[in-house]
Amino acid sequence: MADLIVLLGPPGAGKGTQAKVLSRELNLAHISSGDLFRDHLSRKTELGVLAQGYMQRGELVPDNVTISMIRERMANTDCAKGAILDGFPRTVPQAEALDLFLADSKMGAVRKAPYIKVEAQVLVERLGGRWSCRAGGHVYHEKFNPPKAAGVCDVDGSALYQREDDKAETVANRIRVYFEQTTPLIEYYRRKGVLAEIDGAMPIEDVTRELLASVR
Ligand code: ADP
Ligand code: AMP
């Protein structure tokens, strides 16, 4: 049986930031659907080309392609022990597909779904100041979590960039899409008895402490 943790929360809640720490502390793979799509995009694969328009508009990539991308990723040997899922599932059909896949592949079931709660107003400021690293998906914030040297990732030395979809107009749409399509997952996991609510407005280290306590 694999140990599966699903991080829930709006764009900018801190899922990627926290997933990096959790994956290290718990020795589990980190699967970010957004990073996977961005990797496809940079390699100009068929999937990347298909996803591009949706991502630029701040819409969700269709469920069928997203689900098959994740299924393929989870079949990798590094997921045998388990994984932290960051950004997937984002719709009820995706969550149902994940449950089916976990049962079929004898991996088990989602053990915990921490929901990192942050108000919409705060998200705009977080995403507006986010700097991401191209190589390993590490994230910084110009005010809240600056890198040691401006524009350079502390971990792998790669260049930092601001995501095209972190512009204010796209952020507004992403938050709208989150409220419409992803918030039903909170009830979905609550009904399964695996939801844990975490206050995501606290400093990064405090959120980490609460998250670790909720999954241990
Ligand atoms: P998500 O993966 O949920 O979209 P990120 O982890 O990329 O969110 O975080 C979004 C931005 O907010 C980043 O710039 C990150 O450095 C910053 N951030 C994350 N957690 C916190 C926090 N608890 N307090 C302040 N800023 C944070
Ligand atoms: P993220 O890096 O999680 O903010 O995701 C960036 C973009 O990738 C989203 O705005 C979507 O266009 C797409 N994306 C990421 N994860 C999913 C998913 N689970 N379902 C559909 N689209 C997704």
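**View 1. Strands β5 and β6 pair in the antiparallel sense.** Three bridges link them in this predicted model. Strand β5 covers residues 130-133. One pairing to look for starts at Ser-132, whose bridge partner in β6 is Val-139.

**View 2. Three strands form an open sheet.** Read across it, the order is β6-β5-β7. The pairing is antiparallel. Strands β6 (139-141) and β7 (160-161) stand at the edges. Each of these two has a single partner strand, so one side of each is left without a neighbour in the sheet.

**View 3. Ligand 1 sits among 20 surrounding residues.** The closest are Gly-12, Thr-17, Arg-130, Tyr-140 and Met-202. By type, the shell divides into ten nonpolar, seven polar and three charged residues.

**View 4. Polar atoms of the protein meet ligand 1 at Thr-17, Tyr-140 and Met-202.** Start with Thr-17: an N or O atom in its side chain is 2.6 Å from an oxygen atom of the ligand. At Tyr-140, the partner is a polar backbone atom, 2.7 Å from an oxygen atom of ligand 1. Met-202 also offers a polar backbone atom, and here a nitrogen atom of the ligand is 2.7 Å away. How much of ligand 1 does the protein bury? Taken alone, the ligand exposes 560 Å², and the protein buries 94% of that. Three elements give two or more residues each to the shell around ligand 1: α1 (15-26), β6 and α9 (204-215). Strand β6 thus appears in both settings: it is an edge strand of the open sheet, and it gives residues to the ligand shell.

**View 5. Strand β3 is largely enclosed by the rest of the structure.** The strand spans residues 82-86. Five of its five residues are buried, so the surroundings largely enclose it. Both faces are covered. On one side, Gly-82, Ile-84 and Asp-86 are buried. On the other, Ala-83 and Leu-85 are buried too.

**View 6. Strands β1 and β2 each run parallel to β3.** Which strand is joined to β3 by five bridges? It is β1, residues 3-7. Within this pair, Leu-4 has Ala-83 of β3 as its bridge partner. Strand β2 covers residues 29-32, and four bridges join it to β3. Here Ser-32 has Asp-86 as its bridge partner. Both partners in β3, Ala-83 and Asp-86, are buried, and they lie on opposite sides of the strand.

How values were computed: Residues numbered from 1 in each chain as written. Chains lettered and ligands numbered in written order. Predicted model: local features only at pLDDT ≥ 70, side-chain atom pairs only at ≥ 80, totals over all residues. Heavy atoms only, no water. Pairing = 2+ DSSP bridges. Near = heavy atom within 4 Å. Polar contact = N/O pair within 3.5 Å; in protein donor to acceptor, adjacent residues only side chain to side chain. Areas by Shrake-Rupley, 256 points an atom, 1.4 Å probe, with all protein chains shown as cover. Nonpolar A, V, L, I, M, F, W, Y, C, P; charged D, E, K, R; others polar. Buried < 20%, exposed > 50% of the residue type's maximum accessible area, 1.4 Å probe, protein only.
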